[in-house]
Amino acid sequence: MPRTAIIVPCRLEATRFPRKLLHKIKGKPLVLWVAERIAAQAPEYPLYFAVDDELLRRCLAERGFAAMLTRSDHPSGTDRLAEANREIRADYVINVQADEPMVSANQIRLLSSLILGEAEMATLATPFKRAEDFFNPNQVKVVCDRGGRALYFSRCAMPYARESQGVVDDVWVRSHPCHRHLGLYAYKADLLQRFSGLPPGRLEQIEKLEQLRVLESGFTIAVGFSDDSTIGVDTPEDALKFAALL
């Protein structure tokens, strides 16, 4: 029974980019770019993939990665993680997204250290550098207390610059605590199993951000800060950007 394990939830279909995990980038499916990146960056952690389709399981297994079939009707990746960990039985679970092919060793190890603390859950953030990104609702923002615990996540630009009536430039964004949430998580096993039984939060339903369910239920989320560059492949255009970086 591993004390800490990395589990990657994988869903074959995606609204904006159908079957993107099997989309080939320079001849290799995206999910294999992610698998090989994690294995190279953090070989000290057991690595598992929780998949919803035999095509994904076979793709990973043929390259030697541990992949387990999970239910296809899970409402979220967190629920898929919980099902997988009932078999793996790790004390702490690090969740790397299956469409994040540039995750770094520093990010994974930072999450691992955070989840060993008092918080039931941990995640990462990175400073905004451009006002354009700060105002983009697809780039989620997080604000924290002085101890690095999340106070709130939102699609809105926050904190709000009251003195300038919300009008800010790149310089203002870089000189204030404006942080973009990165979709990397770590969980204590108990919270992971309890997650699906927590009542959906009112704020969660408004913002469509499931991490708000954890805060609304009274649990603590520790936030670590990383300057490592990342790229999430959500669209065919993102796949082209990643290919250009290779």
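Which residue is the bridge partner of I6 in β6? In this predicted model, the bridge partner of I6 in that strand is I94. The two residues belong to a parallel pairing, in which strand β1 (residues 4–10) and strand β6 (residues 92–95) are joined over 4 bridges. Strand β1 also runs parallel to β4, and 5 bridges join these two strands. Within this second pairing, C10 of β1 has V51 of β4 as its bridge partner.

The surroundings of β1 were examined next. Of the 7 residues in this strand, 7 are buried, so β1 is largely enclosed by the rest of the structure. In a regular strand, side chains point alternately to the two faces of the sheet. In β1 both faces are covered: T4, I6, V8 and C10 are buried on one side, and A5, I7 and P9 are buried on the other.

Several of these residues also appear in the analysis of nonpolar cores. The largest nonpolar core comprises 44 residues, and I6, V8, C10, I38, F49, V96 and I108 are those with the most contacts inside it. Helix α1 (residues 30–41) gives the most to this core, contributing 7 residues. When residues up to four places away in sequence are not counted, I108 touches I6, I38, A42, Y45, I94, V96 and V103. Thus I6 and I94, the bridge partners described above, are both among the residues that I108 touches. A second core, separate from the largest one, has 29 residues, including M68, A90, M121 and Y185.

Aromatic side chains were then considered. A search of the whole structure finds 6 aromatic pairs. In one of them, formed by F49 and F65, the ring centres are 6.1 Å apart and the planes meet at 70°; an angle over 60 degrees counts as edge-to-face, so this pair is assigned to that class. The pair links distant parts of the chain, since F49 lies in strand β4 (residues 47–51) and F65 in the loop between α2 (54–61) and β5 (66–69), 16 residues apart. Both F49 and F65 are buried.

Another pair consists of F134 and W172, whose ring centres are 6.4 Å apart; their planes lie at 45°, so the arrangement is tilted. Because F134 is in helix α5 (residues 131–134) and W172 is in helix α6 (residues 170–174), the pair ties together parts that are 38 residues apart in sequence. F134 has a relative accessibility of 2% and therefore counts as buried. Together with F128 and F135, the residues F134 and W172 form one aromatic cluster. A ring also takes part in an arrangement with a lysine: K28 lies over the face of W33, at 3.9 Å from the ring centre.

Finally, the cysteines were examined. A disulfide is a covalent bond between the sulfur atoms of two cysteines. The structure holds 0 disulfides. C144 is in no disulfide, and the nearest cysteine sulfur to that of C144, belonging to C178, is 12 Å away. With a relative accessibility of 24%, C144 counts as partly exposed. For C156, the closest cysteine sulfur is likewise in C178. The separation is 14 Å, which is too far for a bond. C156 is exposed, with a relative accessible area of 52%.

Note on methods. Residues numbered from 1 in each chain as written. Predicted model: local features only at pLDDT ≥ 70, side-chain atom pairs only at ≥ 80, totals over all residues. Heavy atoms only, no water. Phe/Tyr/Trp six-rings, centres within 6.5 Å; stacked < 30°, edge-to-face > 60°. Buried < 20%, exposed > 50% of the residue type's maximum accessible area, 1.4 Å probe, protein only. Lys NZ or Arg CZ within 6 Å of the ring centre and 35° of its normal. Pairing = 2+ DSSP bridges. Core = buried A, V, L, I, M, F, W, Y, C linked by side-chain atoms within 4.5 Å. Contact = heavy atoms within 4.5 Å. Disulfide = S-S within 2.5 Å.
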